[in-house]
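Subject: Structure for your review

Dear colleague,

Please find the sequence and structure below. My findings follow, arranged by region so that they can be read alongside the structure.

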Amino acid sequence: ATPVANTLASYVVAPHRPRLTLVSARGIIAFAGWTVAQILFTLNRQSDRFFIGAIVGRAPLGQYAVGTDIASVATYGLAGPMMGALFSGFSQINDDIARLRTAFLRAQQILVAMLLPLGVGLSILAAPAVGLLLGTQWQSAIMVVQWLAPVIALQAAVVGVHSVARAMGQPRILAMRELIALCLVLPVTILS
């Protein structure tokens, strides 16, 4: 009874009474768009593990998960901080579309020029890297690293798209991109 009495008393005493309005509905919907985009991004990065585990079992899933983590740690370790810097830069010029387009294309070139050699290099050095990091019991993860390191490096180049969409306040672009990627990648993963 005390919390109810205090709440009622605060409405009587307080000069400002909150009321339900839709004035900020656009902001709430925009936030929901970012949330949907992030959920789809997470599904893109993790859903393959559910299906692979169900299809091949726990031990191969563990080898796949370790191989995927090794293949992605260096790439996303470099791409992640770049996303913040790109977002900051794109936010400063988002009112000049021509300049933003030029900056985005240049950023994509730099991202691919940095990340793709990293992925290909890791693919080539997968055997010594896995042996050094994990030991001989994880040799079966080498093939996963060899195949996925270049693919993950190309996927990580999407941080430019994430940054420019965030700078422009366009969560719908990200959500659609992630939905399309999920619809393309998941069936290929299941079938292979």
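To begin with a point of detail: which residue takes a positive phi just after helix 7? The residue is Gly-169, with a phi of about 70°. Please bear in mind throughout that this is a predicted model.

Helix 7

Helix 7 itself is mostly covered, with 7 of its 10 residues buried. The buried residues are Val-159, Gly-160, His-162, Ser-163, Val-164, Ala-165 and Ala-167. Helix 7 (159-168) is also one of the elements against which the buried residues of helix 4 pack.

Helix 4 and its neighbours

Helix 4 covers residues 97-124, which makes 28 residues. At 1.5 Å a residue, a span of 40 Å is expected, and the end C-alpha atoms are indeed 40 Å apart, so the two values agree.

Buried positions in helix 4 begin with Leu-100, Phe-104, Ala-107, Gln-108 and Leu-111, and continue with Leu-115, Gly-119, Leu-122 and Ser-123. A general point is useful when reading that list: an α-helix has 3.6 residues a turn, so residues three or four places apart point the same way. Besides helix 7, the partners of the buried residues in helix 4 are helix 3, helix 5 (126-134) and helix 6 (141-156).

The pairing of helix 4 with helix 6 can be described further. Their axes come within 7 Å and cross at roughly 170°. Because an angle over 145 degrees counts as roughly antiparallel, helix 4 and helix 6 are roughly antiparallel to each other. By class, their contact has 10 nonpolar and 3 polar residues, and no charged residues. On the side of helix 4, the residues involved are Leu-115, Leu-116, Gly-119, Val-120, Leu-122 and Ser-123. They meet Val-145, Gln-146, Ala-149, Pro-150, Ala-153, Leu-154 and Ala-156 of helix 6.

Two adjacent positions in helix 3

Ser-72 is placed in helix 3, and Val-73 lies in that helix as well, which comprises residues 58-92. Are these residues buried or exposed? Ser-72 has a relative accessibility of 8% and therefore counts as buried, whereas Val-73, at 57%, counts as exposed. Leaving aside residues up to four places away in sequence, Ser-72 touches Arg-45, Gly-77 and Ile-152. As for Val-73, its C-alpha atom is 18 Å from that of Ala-113, and the two residues are 40 residues apart in sequence.

Salt bridges

How many salt bridges does the structure hold? There are 2 salt bridges.

One of them joins the side chains of Arg-49 and Asp-69, at 2.6 Å from N to O. This pair links distant parts of the chain, since Arg-49 is in helix 2 (residues 25-56) and Asp-69 is in helix 3, 20 residues apart. Arg-49 counts as buried because its relative accessibility is 18%, and Asp-69, at 40%, counts as partly exposed.

In the other, the side chains of Glu-178 and Arg-177 meet at 3.3 Å, N to O. Glu-178 has a relative accessibility of 1% and so counts as buried. Arg-177 is partly exposed, with a relative accessible area of 28%.

Yours sincerely

Terms used: Residues numbered from 1 in each chain as written. Predicted model: local features only at pLDDT ≥ 70, side-chain atom pairs only at ≥ 80, totals over all residues. Heavy atoms only, no water. Helix = DSSP H or I, 4+ residues; strand = E, 2+ residues; numbered from the N terminus. Buried < 20%, exposed > 50% of the residue type's maximum accessible area, 1.4 Å probe, protein only. Expected span 1.5 Å × (residues − 1). Contact = heavy atoms within 4.5 Å. Axes fitted to C-alpha atoms, helices over the stretch in contact; angles between N-to-C directions. Parallel < 35°, antiparallel > 145°, perpendicular 65-115°, else oblique. Nonpolar A, V, L, I, M, F, W, Y, C, P; charged D, E, K, R; others polar. Salt bridge = Lys/Arg side-chain N within 4 Å of Asp/Glu carboxyl O.
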